[in-house]
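Please read the following note alongside the sequence and the 3D view. The points move from the whole chain to a single pair of helices.

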Amino acid sequence: MSNSDFIDGMYQIDTEASPHVPLYNYIENNSLQDPFFTQVLNPLIFKKRKDHNREVGLSVIPDGEKKGEKWARVEAKLEPLNRLGLLIFNVEQKKIHT
């Protein structure tokens, strides 16, 4: 997905959800990602507001919170699927298990 498509998707979600629920947009933004957020995403959010007929751009909160180790986060999500036999990478095997 391109950065442009990503921002368009955020605007679409905001348009559909905001009349019904408060919406908070967080984008991961650690010290290595900050230049990308500041120089690429933020200006694109501002530019795209015109494409989406908005007076105000999206409210995006940079999320600089320290995350746990990536391996532990991935393993925590996949282990239950694996234990239940639902983690399948081969489409042919999926046919056997369903």
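1. Of the 98 residues in the chain, 16% count as buried. Please keep in mind that this value, like those below, comes from a predicted model.

2. The chain contains four helices and two strands. Followed along the sequence, these elements appear in the pattern α-β-α-β-α-α.

3. The radius of gyration of the chain is 18 Å, whereas the globule rule gives 13 Å for 98 residues; the chain is therefore more spread out than a compact globule. The C-alpha trace spans about 50 × 30 × 25 Å along its principal axes.

4. Contacts within the chain should be considered next. Among those between residues at least 6 apart in sequence, 67% join residues at least 24 apart.

5. How do helix 1 and helix 2 cross, and at what angle? Helix 1 covers residues 3-17 and helix 2 covers residues 34-51; their axes come within 10 Å and cross at roughly 55°. Angles that are neither roughly parallel, roughly antiparallel nor roughly perpendicular count as oblique, and the two helices are therefore oblique to each other. Their crossing is right-handed.

6. Which residues make this contact? Helix 1 contributes Asn-3, Ser-4, Phe-6, Ile-7, Asp-8 and Tyr-11. From helix 2 come Phe-36, Val-40, Leu-41, Leu-44, Ile-45, Lys-48 and Arg-49. By type, the residues of the contact between helix 1 and helix 2 comprise eight nonpolar, two polar and three charged.

Note on methods:
Residues are numbered from 1 along each chain as its sequence is written. This is a predicted model: local features need pLDDT of at least 70, side-chain atom pairs count only at pLDDT 80 or more; totals for chains, interfaces and linings use all residues. Side-chain values use heavy atoms; hydrogens and water are left out. Axes are lines fitted to C-alpha atoms, for helices over the stretch in contact, and angles run from 0 to 180 degrees between N-to-C directions. Angles under 35 degrees count as roughly parallel, over 145 as roughly antiparallel, 65 to 115 as roughly perpendicular and the rest as oblique. A crossing is left-handed if the near helix is turned anticlockwise from the far one by less than a right angle, and right-handed if clockwise. Contact means heavy atoms within 4.5 Å. Ala, Val, Leu, Ile, Met, Phe, Trp, Tyr, Cys and Pro count as nonpolar, Asp, Glu, Lys and Arg as charged, and the others, Gly among them, as polar. The radius of gyration is taken over C-alpha atoms; the globule rule is 2.2 Å times the number of residues to the power 0.38. Buried means under 20% relative accessible area, exposed over 50%, partly exposed in between (1.4 Å probe, protein chains only).
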